[in-house]
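Take a moment to turn the model around and follow the chain from one end to the other. Then let us walk through it together, step by step.

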Amino acid sequence: RASAAAADVIDAIGTIGNAIRRNGVVGIPARFFDSEDEIVRMLPGVITVMRDAKYTDEDILGWLYTEDPTLPGRPVDALHGQLAREVVRRAHAEPF
């Protein structure tokens with residue numbers, strides 16, 4: 001099951017996991033998962049929209065984890081609530 005779950009994560013978020021390394025080990029942030037250990041529903045869409053706009057994985061991670069007082073909070077946190085669609089809209093409308 002663990003390998004199937006890992007494959008599902010890679011399918012959902014693509015190579016962005018390669019941008020997250022600690023001591024040479026690729027990791028996936030806990031905030032990418034919901035309370036049932038599934039990928040947050042809107043996250044793959046945000047990643048796709050930003051990649052289509054030519055943002056790097058590092059740019060995407062930086063944007064997701066940067067405080068935005070107009071949300072309020074970080075986009076990665078807003079993906080877990082009622083502001084998830086707003087995060088996707090902002091990602092589409094050039095986040096930087």
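Helices (DSSP runs of H or I, at least four residues) and strands (DSSP runs of E, at least two residues) are numbered from the N terminus. With that in hand, you can find helix α2 and, following it, K54, whose phi is positive, near 75°. We will come back to K54 shortly.

Before going further, a word on what you are looking at. This is a predicted model, in which local features need pLDDT of at least 70, side-chain atom pairs count only at pLDDT 80 or more, and totals for chains, interfaces and linings use all residues. Residues are numbered from 1 along each chain as its sequence is written, and side-chain values use heavy atoms, with hydrogens and water left out. The pLDDT is the predictor's confidence in each residue, from 0 to 100. Its mean over the protein is 82, and 75% of the residues reach 70 or more. Confidence is lowest in helix α1 (residues 2–13), with a mean of 58, and highest in helix α4 (residues 75–78), at 96. Where pLDDT is low, the predicted coordinates should not be read in detail.

Now for the overall plan. The protein has five helices and two strands, and from the N terminus they run in the order α-β-β-α-α-α-α. Of its 96 residues, 33% are buried; here buried means under 20% relative accessible area, exposed means over 50%, and partly exposed is in between (1.4 Å probe, protein chains only).

Which residues of helix α2 (residues 43–52) are buried? They are L43, V46, I47 and M50. These four cover an arc of only 95° around the axis, which puts them on the same side of α2; the arc is that of the directions from the helix axis to the C-beta atoms. An α-helix has 3.6 residues a turn, so residues three or four places apart point the same way.

Two of those residues turn up again in the protein's largest nonpolar core. A nonpolar core is a set of buried Ala, Val, Leu, Ile, Met, Phe, Trp, Tyr and Cys residues joined through side-chain atoms within 4.5 Å. This one has 21 residues, and L43, V46, L64 and L79 touch the most other members. Helices α2, α3 (57–64), α4 and α5 (84–92) each give two or more residues to this core. To see how L64 is placed, look past its neighbours within four places in sequence: its contacts (heavy atoms within 4.5 Å) include F32, L43, V46 and L79.

The backbone has some unusual spots too. Most residues other than glycine have a negative phi, and most peptide bonds are trans. K54, in the loop between α2 and α3, is exposed, with a relative accessible area of 71%. D37 also has a positive phi, near 60°; it sits in the loop between β2 (25–26) and α2 and is exposed at 61%. The peptide bond from L71 to P72 is cis, with omega near -10°, and P72 belongs to the loop between α3 and α4.

Finally, meet R90 in helix α5. Is R90 buried or exposed? It counts as buried because its relative accessibility is 19%. Its side chain makes a polar contact with the side chain of T70 (2.7 Å). A polar contact is a pair of N or O atoms within 3.5 Å; within protein, one must be able to donate a hydrogen and the other to accept it, and residues adjacent in sequence count only if both atoms are side-chain atoms.
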